Amino acid sequence: MLQKKIDQSICCVEVPLSALFVHNMRCPKCGSLEDKVIDSRLSKDGGSIRRRRECLSCEDRYTTYEELERLELHVIKRDGRHEPLDRHKLLGSIAKACEKRPIGIEEMEGAVGGIIQELESAQDREVSTRVIGARVMEKLHALDPVAYVRYASVYRQFQEIGDFLDEIESFEKRGGRTSAQPELFKA
Ligand SMILES: [Zn+2]
C-alpha cells in the first residue's frame, strides 16, 4: 500500500532529474567518477532511493541513498483532505484567470514554476490552499490587474459585491492600473 502511494506521487509531481539521479559519484576505492547503477529500490519508508553502483574502473561496488523530499509537497484542502500538489491544476486556475488577457503561456508557466520553487524552499511538506492562493495572487498582481481581481474574487469567495469593489479599490491604491475597472465589468 505504501509502495503504491509513493509510485503515484512520482507520477503526479514533476521532479527535476537532479533530485532522482546523482551524477558523478566518486568511487570510494579508486576515486573514478564513472559508474553504472546495478540496482535501484525505494527504502522501506519510501523516503529515499537506494542504488547499488559498480565502479567502471575497478569494479568496486558501493551504495548511494538519494532523498525524495521534493516528492512530498502536498496540498491541504479546505475540507482537510491532503493531495499531492498538482502543477497542471495550478496552471489551469491561473490560465482561467488570465483568459483573454495578454498573458502568454510562458508567463503563466513561469508563475507556476516560481510558486512551486517558493513552496519547496519554504521547507514545508504540506501547504494549505490558502497559502497557495496567496502566492498565486502575488504572481497575478505582477502580471495583470484584471487576472488578479478575477482570481481574487474566486479565491476569497467574496460574499458581497462590496468586498469585490473594496478589492479593486485597494488594488488601485497599491498602484494597479485604473483601466482594470471597466474591463472587469465587461468580462
Ligand atoms: Zn573504483
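These questions and answers concern the helices and the nonpolar core of a predicted model.

Q: How many helices and strands does the protein have?
A: Along the sequence the elements run α-α-β-β-β-β-β-α-α-β-α-α-α-α. The total is eight helices and six strands.

Q: Are α3 and α4 parallel, perpendicular or oblique to each other?
A: Helix α3 covers residues 87-97 and helix α4 covers residues 105-121. Their axes come within 10 Å and cross at roughly 130°. Angles over 145 degrees count as roughly antiparallel and 65 to 115 as roughly perpendicular, with the crossing falling in neither class, so α3 and α4 are oblique.

Q: Into which classes do the residues of the contact of α3 with α4 divide?
A: The crossing of the two helices is right-handed. From α3, the contact uses Arg87, Leu90, Leu91, Ile94 and Ala95. Helix α4 contributes Met108, Glu109, Ala111, Val112, Ile115 and Ile116. By class, these residues are nine nonpolar, no polar and two charged.

Q: Which helix gives the most to the largest nonpolar core?
A: This core has 17 residues, and Ile94, Leu140, Ala147 and Tyr151 touch the most other members. At least two residues come from each of α3, α4, α5 (129-143) and α6 (145-155). The helix that gives the most, with six residues, is α6.

Q: Which residues is Leu140 in contact with, leaving aside its neighbours within four places in sequence?
A: Leu140 is among the residues of the largest nonpolar core that touch the most other members. With those neighbours within four places set aside, the contacts of Leu140 are Ala97, Ala147, Tyr148 and Tyr151.

Methods:
Residues are numbered from 1 along each chain as its sequence is written. This is a predicted model: local features need pLDDT of at least 70, side-chain atom pairs count only at pLDDT 80 or more; totals for chains, interfaces and linings use all residues. Axes are lines fitted to C-alpha atoms, for helices over the stretch in contact, and angles run from 0 to 180 degrees between N-to-C directions. Helices (H or I, at least four residues) and strands (E, at least two) are DSSP runs, numbered from the N terminus. Angles under 35 degrees count as roughly parallel, over 145 as roughly antiparallel, 65 to 115 as roughly perpendicular and the rest as oblique. A crossing is left-handed if the near helix is turned anticlockwise from the far one by less than a right angle, and right-handed if clockwise. Two residues are in contact if their C-beta atoms, placed from the backbone, lie within 7 Å. Ala, Val, Leu, Ile, Met, Phe, Trp, Tyr, Cys and Pro count as nonpolar, Asp, Glu, Lys and Arg as charged, and the others, Gly among them, as polar. A nonpolar core is a set of buried Ala, Val, Leu, Ile, Met, Phe, Trp, Tyr and Cys residues joined through C-beta atoms within 7 Å. A residue is buried if 20 or more other C-beta atoms lie within 10 Å of its own, exposed if 12 or fewer, and partly exposed in between; C-beta atoms are placed from the backbone.
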